[in-house]
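Visitor: I am new to this structure. Please take a close look at a single part of it, then work outwards from there.

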Amino acid sequence: MLTPGDLTRFRALVARRLGLEFDDGKLGFLSEVLERRLSALGLKLPAYEDLLARDAAEVSALAEQLTVGETYFFRNIDQFHAFVDVALAARTQAMSAFKSLRILSAGCSSGDEAYTLAMLIHERLPERASWDVRITGVDLNPRALEKARRARYPAWSLRETPQSARERWFRAEKSEFILDRQIAGAVTFRQGNLAEEDALLWAPGTLDVVFCRNVSMYFPREVAARVMSRISRALVPGGFLFLGHAENLRGLSQDFHLRHTHGTFYYQRKTEEELARDEPHEGAALEFPQTARPREATPTPLPPDTSWFEVIQHASQRIADLTQRTPAPRIPPRATFDRTQALELLRTERFRDVVELVRADRAIDTDPDALLLLAVSLTNTGHLADAEAACRRLLALDELHAGAHYLLALGHEHNGQLEAAQQADQVAVYLDPEFAMPRLHAGLVARRKGDLDAARRELTQALSLLDHEDSSRILLFGGGFTRDALSALCRAELAACGAPR
Ligand SMILES: C[S@@+](CC[C@H](N)C(=O)[O-])C[C@H]1O[C@@H](n2cnc3c(N)ncnc32)[C@H](O)[C@@H]1O
């Protein structure tokens, strides 16, 4: 009989050895799989733990039962469009003298993703025959790899495959679709564990493009960070990385530029010079006191042509008037700013004092916290051009800072660039799907544009996210409104967009 302690230990071993994370809700499943392995092998847990530490075959057998292999051809087709138009175009240009391309599908499952890449390269790479193209699929699960090598698929695997590709690359036989031999022969599969070092797989600067989609979401953060660092090492500078649409590199790696085209996100490896220039730093992790300061919201919708920034500024003006009547003590310049003091000033909406305080910090250009507070305070006091400059400096340190992208969205909206505002909100949402404010803002912008469906969708999301939104983020990005006030605003806007109450 397994004890809770046994399961906790086994869970940690699985995370270490296979890179797979199981939360408390999945402990029942983990326990069933473990019981099955123990009884099949006639072992007790300590002996099984020893076996896992030394026997790769048992790691494979366990992986077969624990991994999720869901995949299909042309999955997230927008990414394949970006692959062809951007990644393939850039890498073939860069490699035109050598005519060689190396592509990895990491966590390839039954091969659908790797074969999709092979089809696209076959169709879209000019003078294909003169190129040496190698596509490799790697997976931990041997049974998935067997399926990949077999290259016969049920109709369900082709559910997103365009008709032209079906006709060109598959032949129906009974209930299966058999992949064309040319495409099947274009991919090499091998077993490998992304959670472990592998000198061949991750040889420095050897890969042009990596697809690692819907894999790292199952890894604990530290394992995911190590995998991303291996991918960074193995990619050439300027090489491309595609992750699943629910995955991003925030907090995992600073080695990549975020790219946003074709309605999708992906990454491009920085050059060595860019990496050398980047100072290592901690991501912004400001901790706030939990007391929120009240600002009452009008539970009426905004006039349709009012920007969210105008609303913030209108509310801030009231505070500015108040603080002018009771002048704040002057803050002496210091080498580095006092975070507690800055946060207290922010909490009491003394934005000008925050600006003065953080600007006195000599290390401001290498301090994401200082730049964030500066950008927030400048936004709240209406200095949008300066706020944008602070955001850009912050993004130079941390390109994946969701808050900075959100603040840029406010500036774009204020300048009447609604498309750019929507794009910046989308980036913020992609980088942090739990972040309520860019959803709310995207809803307001959509309403201004008359796109009521999008407005309702975004505002509904914002309303549900606001319930759990971190208080410190509401304080920073909520334009001075409380959680309740922002929720009331969402509801009023939803009603104005014709959503049922
Ligand atoms: C959900 S599938 C994703 C397949 C494909 N990349 C896609 O997006 O359609 C995840 C795959 O990652 C594999 N995997 C999980 N952990 C792995 C590890 N540590 N090393 C290699 N592959 C792993 C699983 O076996 C599974 O086949």
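Guide: Two strands count as paired if DSSP finds at least two bridges between them. The model in view is a predicted one. With that rule, start at strand E3 and strand E5 (residues 176-179), which are joined by three bridges in the antiparallel sense. Within this pairing, Tyr153 stands opposite Phe177 in E5.

The pair belongs to an open sheet of three strands, ordered E3-E5-E4, with antiparallel pairing. Strand E3 (152-154) and strand E4 (170-173) are the edges; each has a single partner strand, so one side of each is left without a neighbour in the sheet. From one strand to the next, the twist averages 35 degrees. As a general point, the strands of a sheet pair through backbone hydrogen bonds, either parallel or antiparallel.

Another open sheet has seven strands, in the order E6-E2-E1-E7-E8-E10-E9, and its pairing is mixed. At its edges are strand E6 (187-191) and strand E9 (256-261), each of which pairs on one side only. Neighbouring strands here are turned by 20 degrees against each other on average, direction ignored. Inside this sheet, strand E7 (residues 207-212) and strand E8 (residues 235-243) run parallel and are joined by five bridges. Leu207 stands opposite Leu235 in E8. Helix H7 (residues 142-150) lies across strand E2 (132-139) and E6, and runs at about 165 degrees to E6.

Further along the chain is helix H16 (residues 384-397). Its 14 residues reach 20 Å from the first C-alpha to the last, close to the 20 Å expected at 1.5 Å a residue. The buried residues in H16 are Leu384, Ala387, Ala390, Cys391, Leu394, Leu395 and Leu397. Seen down the axis of H16, these buried residues fall within an arc of 145 degrees, so they line one face of the helix. In general, an α-helix has 3.6 residues a turn, so residues three or four places apart point the same way. Ala385 and Ala396 are exposed, on the face of H16 turned away from its buried side.

The last stop is Glu419, in helix H18 (residues 418-431). Glu419 counts as exposed because its relative accessibility is 53%, and the cut-off for exposed is over 50%. The side chain of Glu419 makes a polar contact with the side chain of Lys449, at 2.9 Å. Glu419 and Ala446 are 27 residues apart along the chain, and their C-alpha atoms are separated by 9.6 Å.

Key:
Residues are numbered from 1 along each chain as its sequence is written. This is a predicted model: local features need pLDDT of at least 70, side-chain atom pairs count only at pLDDT 80 or more; totals for chains, interfaces and linings use all residues. Side-chain values use heavy atoms; hydrogens and water are left out. Helices (H or I, at least four residues) and strands (E, at least two) are DSSP runs, numbered from the N terminus. Axes are lines fitted to C-alpha atoms, for helices over the stretch in contact, and angles run from 0 to 180 degrees between N-to-C directions. Contact means heavy atoms within 4.5 Å. The expected span of a helix is 1.5 Å times one less than its number of residues. Buried means under 20% relative accessible area, exposed over 50%, partly exposed in between (1.4 Å probe, protein chains only). The arc is that of the directions from the helix axis to the C-beta atoms. A polar contact is a pair of N or O atoms within 3.5 Å; within protein, one must be able to donate a hydrogen and the other to accept it, and residues adjacent in sequence count only if both atoms are side-chain atoms.
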